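Good morning, and thank you for the time on today's agenda. I would like to take the group through one structure, and I ask that you keep it open as I speak.

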Amino acid sequence: PPVMRMQNLDKVYPNGTVALKNLFLDVHPGEFVSLLGPSGCGKSTALKIAAGLTGHSAGRIQRPGEDEVRGIRAKPGDIAFVFQEPNLMPWLSVFDNVFLPLKLAGTSRAEARPRIEEILATVGLAGFAGSYPRELSGGMKMRVSIARALVTKPRLLLMDEPFAALDEITRNKISQDLLSLWQATGSTVIFVTHSVFESVFLSNRIVVMAARPGRIIGEIGVDA
Ligand code: ADP
Ligand code: ADP
């Protein structure tokens, strides 16, 4: 079964803007799907609905860990989200930023330590566990943010233009890391971008959205 299923979704914002119209999207286990389209076509809205950060106006959605009928909500490890900004806690060290979602899930510090050290090494931040966000470059902060999202081994990772604020060289380096992490963790990713290059480079399926009014106009499989 799909990890996430959107069926006939509409989204109308309170001011009357129709952001999505009849959106259908199935995302299968292990896929890296890009949502590609111009600004304003509804990509972020679709992702926010997937994350449960905003509601939909009509249609149905099935998210990992949730059961609408039985009223079961997603928990840490079901869905993780990476935004354009790293959104790190400035008063917490790199270690404690990455520890946060595990802590919320009830994992002890001692139990979490090996996993945090491993994931920091994978994103090229071995040796930075004790650093604070203000001591890091933009690219390093984004790596911490990705590590924090993946440390719970989420079944579904949602990313909204995570590299938008980075220079091209940093972006390319982190893209490589993200691919390694995706392969190592086997998680399922939905990646929002307006970059054709990023979508082709990163994903095995590209879902193309149209500028108006928030619908899918095509799909490209880019499996090797
Ligand atoms: P994208 O991520 O593709 O740039 P968005 O999902 O952000 O697109 O936006 C889709 C449409 O919905 C746009 O017309 C945008 O202006 C509008 N929109 C987004 N958020 C809101 C909001 N909170 N209230 C009203 N309109 C919104
Ligand atoms: P990124 O490409 O991840 O943004 P940079 O190009 O800014 O990283 O930095 C390259 C390397 O320099 C980093 O991987 C890190 O080892 C080191 N570095 C960068 N900023 C700092 C810092 N504030 N303190 C210590 N080392 C740093």
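I shall discuss the two ligands, then the largest pocket, and finally the aromatic pairs.

Please bear in mind throughout that this is a predicted model.

Let me begin with ligand 1. Which residues surround it? The shell consists of Tyr13, Asn15, Thr17, Ala19 and Pro38, together with Ser39, Gly40, Cys41, Gly42, Lys43, Ser44 and Thr45. By class, that shell has 7 polar, 4 nonpolar and 1 charged residues. Among the secondary-structure elements, helix H1, residues 43-51, contributes the most to it, with 3 residues.

Turning to individual polar contacts, the backbone of Gly40 places an N or O atom 2.7 Å from an oxygen atom of ligand 1. A polar backbone atom of Ser44 is 2.8 Å from an oxygen atom of this ligand. For Thr45 the side chain is involved: one of its N or O atoms is 2.5 Å from an oxygen atom of ligand 1. On its own, ligand 1 has 560 Å² of accessible area, of which the protein covers 63%.

I move now to ligand 2. Its surroundings are formed by Phe128, Glu135, Ser137, Gly139, Met140, Arg143, Thr170 and Lys173. Here the classes divide into 3 charged, 3 polar and 2 nonpolar residues.

Which residues make polar contacts with an oxygen atom of ligand 2? Gly139 does so through a backbone N or O atom, at 3.4 Å. Arg143 offers a side-chain N or O atom at 3.1 Å, and Lys173 likewise has a side-chain N or O atom at 2.9 Å from an oxygen atom of the ligand. Taken alone, ligand 2 exposes 540 Å², and the protein buries 50% of that. Two elements, H4 and helix H5 (168-185), each give two or more residues to this shell. The most comes from H4, with 3 residues.

Next, the largest pocket. It holds about 570 Å³ of space. Its lining comprises 22 residues, and those closest to the centre are Ile79, Ala80, Phe81, Pro101 and Leu104. Strand E5 (79-82), helix H2 (94-104) and helix H4 (138-150) are the elements that supply two or more residues to the lining. Of these, E5 gives the largest share, 4 residues. In terms of class, the lining has 15 nonpolar, 4 polar and 3 charged residues. I would point out that H4 therefore appears twice in this account, as the notation makes clear: it gives residues to the pocket lining and to the shell around ligand 2.My last topic is the aromatic pairs, of which the structure holds 6. What is the geometry of the pair formed by Phe32 and Trp182? The ring centres are 5.3 Å apart and the planes stand at 85°, so the pair is edge-to-face. This pair links distant parts of the chain, as Phe32 belongs to strand E3 (residues 32-36) and Trp182 to helix H5, 150 residues apart.

That concludes the presentation, and I welcome questions from the group.

Terms used:
Residues numbered from 1 in each chain as written. Chains lettered and ligands numbered in written order. Predicted model: local features only at pLDDT ≥ 70, side-chain atom pairs only at ≥ 80, totals over all residues. Heavy atoms only, no water. 1 Å grid on protein atoms, 1.4 Å probe; cavity = no way out; pocket = protein on both sides within 12 Å on 5 of 7 lines; lining within 4 Å. Points joined across faces, edges and corners; volume = space filled by probe spheres on them. Nonpolar A, V, L, I, M, F, W, Y, C, P; charged D, E, K, R; others polar. Near = heavy atom within 4 Å. Polar contact = N/O pair within 3.5 Å; in protein donor to acceptor, adjacent residues only side chain to side chain. Areas by Shrake-Rupley, 256 points an atom, 1.4 Å probe, with all protein chains shown as cover. Phe/Tyr/Trp six-rings, centres within 6.5 Å; stacked < 30°, edge-to-face > 60°.
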